[in-house]
Each structure stands twice: as structure tokens, then as C-alpha cells.
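Here are some exercises to work through with the model open beside you. Try each task before reading its solution.

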Amino acid sequence: MDKFYKMTIAGLERELPICKLNDELSIAGFIMFGDVELTEACAKELLAKIPGDFDYIVTPEAKSIPLAYEMSRQSGKKYIVVRKKPKVYMQNPVSITVRSITTQSEQMLYLDGAEGELMRGKKIIIVDDVISTGESLSAVEQLVEKFDVITVAKTAVLAEGDAAHRPDLTVLGELPLIKN
């Protein structure tokens with residue numbers, strides 16, 4: 001089996017390392033960290049695909065932070081990070097439990113109550129790098145719904161498995177599941 005999977009993302013060709021999940025299945029690992037050219041191109045394409053206007057960008061504390069930052073920079077809209085641990089500066093943090101395929105364990109997500117109030121009744125987009133099972137995305141969505149936000153779009157650079165065919169997601173491409 002090849003060690004890399006070649007893929008064109010936002011008009012840029014990249015070689016993604018193939019990562020074994022178990023004896024039957026591998027995935028092409030997509031990591032945007034450090035790839036400024038790709039981050040900028042993906043942000044531009046995702047912003048062009050989002051239907052309608054929005055007030056805030058929300059992202060989980062994960063590999064999607066540089067993407068949310070760049071989407072914020074390009075759009076002029078503030079981004080908010082849903083954290084993995086409560087921070088001392090958070091005012092009345094709200095939390096939710098999530099189990100993600102990439103972390104392989106149950107974890108908590110936290111949103112600063114002050115940031116939640118800032119978004120109350122506003123239009124948001126939720127941004128991630130890759131959507132697999134959709135559990136993290138769902139948890140972020142449930143967390144922000146506590147503040148009566150209007151989710152305009154749920155976006156990611158790539159989706160894999162069943163998530164790649166979800167009509168409620170705006171993505172740039174499909175990340176393959178590779179049988180060993």
C-alpha cells in the first residue's frame with residue numbers, strides 16, 4: 001500500500017499520509033497546521049460556499065483553529081473557540097460531553113458564557129477541518145443552541161464516510177476511507 005494519498009484541496013495538490021486505524025481500515029490524515037497556503041485557500045473557498053450572511057464563526061479547540069482564524073480574517077467576523085477545558089477567565093462556562101473518533105475517548109467541551117451571550121440570537125457558522133462521525137460537530141451545535149443561535153452553515157474542509165454525503169454540510173471534498 002502507498003504511504004501517501006494524493007488529493008487536490010481548494011485547487012492545491014497535497015500528499016496526505018495514510019494512517020492505519022485498525023486491521024481493516026486506514027484513513028488519509030489531513031493536517032492543516034503549518035500549511036498557510038492551504039489554510040488561506042480553504043478559507044476563501046468555504047466562505048464563497050456559505051449560504052447567506054453570518055455574525056460569528058465557531059470552531060472546536062482542534063486543528064480547525066487556524067482555518068477559523070483565516071475565515072475570520074477574510075470575512076471580518078469574530079471567531080469563537082469552544083474549549084476542551086474550562087479556563088479561569090471564562091464567565092459561567094457551559095459544557096457538553098462528546099466522543100470523537102479522533103480522540104478515541106469521551107471528553108467535555110466548554111463555551112464561555114459571556115461569548116455565548118455575545119452570540120445569543122445571532123447567525124453563526126460552525127467550522128471544522130474534517131468531519132467523520134459528526135459527533136464533535138453535533139456537540140458544538142448543541143452547546144451553542146443553549147444561546148438560541150441561528151446556525152447558518154456547518155462547514156469543513158473535508159468529510160469522510162457517511163458525513164461526505166450529508167446535505168446539511170458544506171465541504172470542499174471527500175476524504176477516503178481506505179480498506180487495508
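**Exercise 1. Is Glu 45 buried, exposed or partly exposed, and what does Glu 45 touch?**

Step 1. Begin with accessibility: Glu 45 has a relative accessible area of 33% and is therefore partly exposed, where buried means under 20%, exposed over 50% and partly exposed in between (1.4 Å probe, protein chains only).

Step 2. Place the residue: Glu 45 belongs to helix H1. Helices (H or I, at least four residues) and strands (E, at least two) are DSSP runs, numbered from the N terminus.

Step 3. List the contacts, meaning heavy atoms within 4.5 Å. Outside its neighbours within four places in sequence, Glu 45 meets Ala 10, Gly 11 and Leu 172.

Step 4. Look at the pair Glu 45 and Leu 172: 127 residues separate them in sequence, while their C-alpha atoms are 7.6 Å apart.

A word on the ground rules: this is a predicted model, in which local features need pLDDT of at least 70 and side-chain atom pairs count only at pLDDT 80 or more, whereas totals for chains, interfaces and linings use all residues. Residues are numbered from 1 along each chain as its sequence is written, and side-chain values use heavy atoms, with hydrogens and water left out.

**Exercise 2. Find the polar partners of the Arg 14 side chain.**

Step 1. Go to strand E2, where Arg 14 is found. Its relative accessible area is 18%, so Arg 14 counts as buried.

Step 2. Search for polar contacts (pairs of N or O atoms within 3.5 Å; within protein, one must be able to donate a hydrogen and the other to accept it, and residues adjacent in sequence count only if both atoms are side-chain atoms). The Arg 14 side chain pairs with the side chain of Asp 35 at 2.7 Å and with that of Glu 37 at 3.0 Å.

Step 3. Widen the view to contacts beyond four places in sequence: Arg 14 touches Tyr 5, Lys 6, Met 7, Asp 35, Glu 37 and Leu 38.

**Exercise 3. Which elements build the largest nonpolar core?**

Step 1. Apply the definition: a nonpolar core is a set of buried Ala, Val, Leu, Ile, Met, Phe, Trp, Tyr and Cys residues joined through side-chain atoms within 4.5 Å. The largest one has 28 residues, and Phe 30, Cys 42, Leu 67, Met 71 and Val 157 touch the most other members.

Step 2. Assign the contributors: strands E1 (4-9), E2 (12-20), E8 (123-131), E9 (150-160) and E10 (169-175), together with helices H1 (36-49) and H2 (65-75), each supply at least two residues. H1 gives the most, with six.

Step 3. Inspect one hub. Beyond four places in sequence, the contacts of Val 157 include Phe 30, Cys 42, Leu 67 and Val 171.

Step 4. Check for another core: a second, separate one has 25 residues, including Ile 96, Val 98, Val 144 and Phe 147.

**Exercise 4. Why do Cys 19 and Cys 42 not form a bond?**

Step 1. Take the distance: the sulfur of Cys 19 has its closest cysteine sulfur in Cys 42, 18 Å away, which is too far for a bond. A disulfide needs two cysteine sulfur atoms within 2.5 Å.

Step 2. Compare settings: Cys 19 is partly exposed at 32% relative accessibility, whereas Cys 42 is buried at 0%.

Step 3. Confirm globally: the whole structure has zero disulfides.
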